[in-house]
Amino acid sequence: MTTPTRRLGATDLQITPLVLGGNVFGWTADRATSFAVLDAFVAQGGTMIDTADVYSAWVDGHSGGESETVIGEWLKSSGKRDDVLIATKVGMLPGEGGEKLAPARIAAACEASLKRLGTDRIDLYYAHQDDDSVAQEDALAAFGKLVDAGKIRVVGASNFHAGRLKSAVDVGKAVDNLPRYHVLQPEYNLVSRTKFEGELQDYCIQENIGVLPYYGLASGFLTGKYRSKDDLGKSVRGGRMKDLLDGKGPDVLAAMDVVAEETGASLAQIALAWLIAQPGVTAPIASATSVDQLEESMGAITLDLTRDQLDRLTASGA
């Protein structure tokens with residue numbers, strides 16, 4: 001069976017409705033495991049791999065770029081560069097040229113990412129976070145130079161709120177030869193909805209901006225791993241789950257449990273399938289630290305939840 005694809009916003013990129021997150025590569029997934037996951041993703045029809053220059057600078061002994069390096073080594077050894085789309089980001093890792101979205105930083109960071117990835121182009125290059133210290137016209141002009149040079153194909157924004165995304169798009173429309181943000185990467189999942197739903201979601205639909213949400217599984221909460229406060233010690237992420245357990249989390253898990261009984265799908269597949277079905281969303285991002293985990297996530301692509309099931313899931317977290 002051919003894996004379905006969707007057009008990414010108004011761009012010419014076609015992607016499967018699940019993006020492989022690369023934040024774990026070179027961190028909780030070693031080189032061999034990362035290669036196996038990447039191979040399995042492509043074998044099952046996956047198309048886009050998401051990473052960032054800052055992955056995984058938060059780990060002791062890491063400086064950022066570890067994920068890009070592993071992906072670059074895999075691209076070289078597999079020969080699959082033309083079979084995948086690579087998305088990476090600039091704006092959180094300071095270095096040559098300054099910090100955040102300083103134009104010189106954008107230029108230098110792009111060169112560094114291209115080198116680590118071992119490629120001549122980045123298919124989707126994000127501003128990883130907003131930077132109000134730089135005029136939006138200047139940041140877009142820096143991205144535009146990279147587009148003109150053939151080093152990046154499409155420009156996206158991550159972690160932008162509605163007002164700033166709107167103003168950036170308006171600048172891109174008003175000034176000749178500037179690119180525009182065609183893709184948004186927000187935090188969005190069944191238990192974290194306020195950052196995207198409403199004005200931002202409506203604007204992305206209006207402007208045909210492709211949406212690729214991160215934290216689709218809420219750092220593991222939506223897999224059902226954390227059912228009570230006794231479960232918080234199961235991983236280093238457990239401390240983040242207390243607020244979810246105190247809030248709508250149990251109601252959402254209860255609704256997901258019912259849908260799991262009805263469909264035979266896993267909670268992870270249900271969480272991702274709900275995102276895939278949301279207005280404006282092109283594809284959620286999900287990482288995997290094993291081939292089994294990857295295969296489970298890919299099952300969300302073909303999981304067709306009914307309108308009633310989707311409505312019940314939505315209501316559980318409202």
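Tutor: Two strands pair if DSSP finds at least two bridges between them. Strands (E, at least two residues) and helices (H or I, at least four) are DSSP runs, numbered from the N terminus. This is a predicted model: local features need pLDDT of at least 70 and side-chain atom pairs 80 or more, while totals for chains, interfaces and linings use all residues. Residues are numbered from 1 along each chain as its sequence is written, and side-chain values use heavy atoms, without hydrogens and water.

Student: In what order do the 8 strands form the open sheet?

Tutor: The sheet is open, and its pairing is parallel. β9 stands at one end of the order and β10 at the other. Read across, the order is β9-β8-β7-β6-β5-β4-β3-β10.

Student: Which strands stand at the edges, each with a single partner strand?

Tutor: A strand with a single partner has one side left without a neighbour in the sheet, and that holds for two strands here. They are β9 (210-211) and β10 (285-287).

Student: Which residue in β8 is the bridge partner of Ser158?

Tutor: Strand β7 covers residues 152-158, and β8 covers residues 181-185. The two run parallel, joined by 4 bridges. In β8, Ser158 is partnered by Gln185.

Student: And in β9, what is the bridge partner of Val183?

Tutor: β8 also pairs with β9 in the parallel sense, over 2 bridges. On the β9 side, Val183 meets Gly210.

Student: How many of the 5 residues of β8 are buried?

Tutor: Buried means under 20% relative accessible area (exposed is over 50%, partly exposed lies in between; 1.4 Å probe, protein chains only). By that cut-off β8 is mostly covered. Of its 5 residues, the buried ones number 4.

Student: What do the buried residues of α5 pack against?

Tutor: The buried residues of α5 are Ala162, Arg164, Leu165, Ala168, Val169 and Gly172. Packing is judged by contact, meaning heavy atoms within 4.5 Å. Their partners are α4 (136-148), β7, β8 and α6.

Student: Now α2: which elements do its buried residues pack against?

Tutor: Helix α2 spans residues 66-78. Its buried set is Glu66, Ser67, Glu68, Val70, Ile71, Gly72, Trp74 and Leu75. These residues pack against α1 (31-43), β4 (48-50), β5 (85-90) and α3 (103-117).

Student: Which residue follows α2, with a positive phi?

Tutor: The phi in question is near 70°. The residue with that angle is Gly79.

Student: Which helix gives the most to the largest nonpolar core?

Tutor: A nonpolar core is a set of buried Ala, Val, Leu, Ile, Met, Phe, Trp, Tyr and Cys residues joined through side-chain atoms within 4.5 Å. The largest has 90 residues; Tyr125, Leu165, Tyr181, Phe221, Met256 and Ile270 touch the most other members. One helix, residues 267-276, supplies 9 residues, and that helix is α9.

Student: Which residues does Met256 touch?

Tutor: Residues up to four places away in sequence are not counted. That leaves Leu190, Leu222, Leu267, Ile270, Ala271 and Leu313.

Student: How many residues has the other core that lies apart?

Tutor: Leu8, Ile15, Ala87 and Tyr126 are among its members. Its size is 15 residues.

Student: Is Cys110 buried or exposed?

Tutor: Its relative accessible area is 0%. Cys204, at 1%, counts as buried. Cys110 too is buried.

Terms used:
The expected span of a helix is 1.5 Å times one less than its number of residues.
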